[in-house]
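Work through the exercises below with the structure open. Try each task before you read its solution.

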Amino acid sequence: MTDLNKLTIASARDAMRKGDVSSAELTAAYLKEIEGSAALNAFVHHTADIATAQAKAADTRIKAGDAPDMCGIPLGIKDLFCTKGVPSQAASAILEGFKPEYESTVTTQLFDAGAVMLGKLNMDEFAMGSSNETSTYGNAVNPWKVDRELTPGGSSGGSASAVAADLCLGATGTDTGGSIRQPAAFTGITGIKPTYGRVSRWGVVAFASSLDQAGPMTKDVRDAAIMLEAMCGHDAKDSTSADLAVPNFEAALTGDIKGKVIGIPKEYRMDGMSADIEKLWADGTAMLKDAGAEIRDITLPHTKYALPAYYVIAPAEASSNLARYDGVRFGHRAKLDAGDGITEMYEKTRAEGFGAEVQRRVMVGTYVLSAGFYDAYYNRARKVRALIKQDFDKVFADGVHSILTPATPTAAFGLGEEFDDPIQMYLNDVFTVTVNLAGLPGISVPAGLNADGLPLGLQLIGRPWEEGDLLNTAYTLERAAGFVAKPQKWW
Amino acid sequence: MSIDIDTARRVAKLARIKVEDDALPALASEFSAILGFIEQLNEVDVDGIEPMTSVTPQRLKRRTDVVTDGSQQPAVLKNAPDAREGFFAVPKVVE
């Protein structure tokens, strides 16, 4: 049987097409791995029957020679995606028992391409968190371990844990402020958030609609290119979805970046940045230079204000999006006392169904949108957001192709270590959140280990709609960094 | 900016989330910390800047104003905590 911890989407695709392995065999092997992975708490809903049926259908297509790249590839799906007839809870108690009557566009496209769903993956509740500790299913755990259990990051923590632990070949993630890139960095895998509008948001449980984008989390850059292409495309059901042709991203991976201009933004050099991260960034810069890129110091002056702007805009949009959880149409409804009216029903349902962080953000959002504060907070934040985007526009207009930064300020931290301080937790996204505010594509590539032997990631930020160029730069960086470390199996 | 207990109570009410009285002081202090963090935005000169409405400069698509969906009552009601006779059932709203 194939060695699962060496397999990638690309190599599995090629092996299945050659007839060396079938999707049924691969799927069975992954289902067995998942069974033995309870300690990671990555898979929270198991769909073995669906997977087995999809694998069988995929094998028929592969034999007939009608097989797209993702055909027969076993995947994990983040719990935020609505999957027809399968629990889709956004890791929230308020959606307990919810089984959508429809399929999200992203999963529809993946399944149409022949991909196999092994199950649904753990995440932070409503994608609000950076450590997968706000989930109603309990913490997902990082397969990388030193002396204690570490967070896989968040919000796509289950996706990151599952891919890093070889429980699937790839996973869907979503990224509102860093929720694909930060967990990818914490677990030594690759994750890309495409340009806003590249991937349909239809059927993805909404957190902050102007920032949310789905993307793939995979073992390497080639796999990210293959899986992203299958997820992209115009969708009439999402009015912000871009009506643009989807390029062949895998074909963009030439490894040639001669003459490309890579920007190094001085504002990302934070006070108190760890020596590990500092060195990783310098090494990554040197690698791109050696590959023939021109390195240019750049300035993105409003970087400092990205997190505070995000913590106005994201909660404001969340407070509006999450108003739909009212105990009427789906999910949980609180048990009512005699005499309780509809207001008590709303208030008790939402108090019981939402966890502490979600309640906090809904209420902050309610406050910044309330009469008298709308201009001071919400409109000001939207103006600052415009300035943050202008910073990037200027740099790209000056000829910069991509921007290199660290993906996270630290390596993975211990579960429970940052949980009691919301603002400390928010700082996890300091390098990633600018990208969401500006609607740009960003990718996290594993590039080294810290002194404790934990993975660290570098982030590349690209021009809008230039995912192909961005993936090629990431591919070049990946080849130069030669990151091959894997977590020791302890689960 | 410091948030007092009455403001915390009012925000919880607006958000339709029941917060017990004894939990309000902690909530107010959490809000104060988060709003303190947000106040950094006051340092930015935003004179003459339009608030962002769309991050990508494309116009939203228009479609013909026609019915595109419907007749799915059972599917719509399938996940309701309380559905009766083809309707969502809720506690009495009008006395």
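**Exercise 1: the sheet of chain A**

Two bridges connect strand E5 (residues 190-193) and strand E6 (residues 213-218) of chain A, and the two run antiparallel. The model is predicted.

Task: Find the residue that stands opposite A:Gly191 in E6(A). Then give the order of the strands in the open sheet and the strands at its edges.

Solution.
- Step 1. Start at A:Gly191; its opposite residue in E6(A) is A:Met217.
- Step 2. Trace the whole sheet. The 11 strands run E1-E3-E2-E4-E6-E5-E10-E11-E9-E7-E8 in chain A, with mixed pairing.
- Step 3. Look at the edges. Strand E1 (43-46) and strand E8 (294-298) of chain A each have a single partner strand, so one side of each has no neighbour in the sheet.
- Step 4. Add the twist: it averages 30 degrees from one strand to the next.

**Exercise 2: helices on the sheet**

Task: Which strands does helix H3 (residues 48-63) of chain A touch? Which strands does helix H5 (residues 157-164) of chain A lie across?

Solution.
- Step 1. H3(A) packs on the sheet and touches E1, strand E2 (74-78) and strand E3 (116-121) of chain A. Its direction makes about 155 degrees with that of E3(A).
- Step 2. H5(A) lies across E1, E2, E3, strand E4 (170-175) and E6 of chain A. H5(A) runs at about 155 degrees to E4(A).

**Exercise 3: core and overall shape**

Task: Which residues touch the most other members of the largest nonpolar core? How compact is chain A for its length?

Solution.
- Step 1. The core has 167 residues; A:Leu75, A:Ala309, A:Val312, A:Leu460 and A:Leu471 touch the most other members.
- Step 2. Helix H9 (residues 306-321) of chain A supplies the largest share, 10 residues.
- Step 3. Take A:Leu471. Leaving out residues up to four places away in sequence, its contacts include A:Val221, A:Phe249 and A:Ile443.
- Step 4. Turn to the whole chain. Chain A holds 15 helices and 11 strands. Its radius of gyration is 21 Å, close to the 23 Å from the globule rule for 491 residues, so chain A is as compact as a globular protein of that length.
- Step 5. Buried residues account for 63% of the 491 in chain A.

**Exercise 4: the contact between the chains**

Task: How many residues does each chain bring to the contact, and which element of chain B gives the most?

Solution.
- Step 1. Chain B brings 37 residues and chain A brings 55 residues.
- Step 2. On the side of chain B, helix H1 (5-14) and helix H2 (24-38) are the elements that give two or more residues.
- Step 3. H2(B) gives the most, with six residues.
- Step 4. By class, that side of chain B has 25 nonpolar, four polar and eight charged residues.

Methods. Residues numbered from 1 in each chain as written. Chains lettered and ligands numbered in written order. Predicted model: local features only at pLDDT ≥ 70, side-chain atom pairs only at ≥ 80, totals over all residues. Contact = placed C-beta atoms within 7 Å. Helix = DSSP H or I, 4+ residues; strand = E, 2+ residues; numbered from the N terminus. Nonpolar A, V, L, I, M, F, W, Y, C, P; charged D, E, K, R; others polar. Pairing = 2+ DSSP bridges. Axes fitted to C-alpha atoms, helices over the stretch in contact; angles between N-to-C directions. Core = buried A, V, L, I, M, F, W, Y, C linked by C-beta atoms within 7 Å. Buried ≥ 20, exposed ≤ 12 C-beta atoms within 10 Å, placed from the backbone. Rg over C-alpha atoms; globule rule 2.2 N^0.38 Å.
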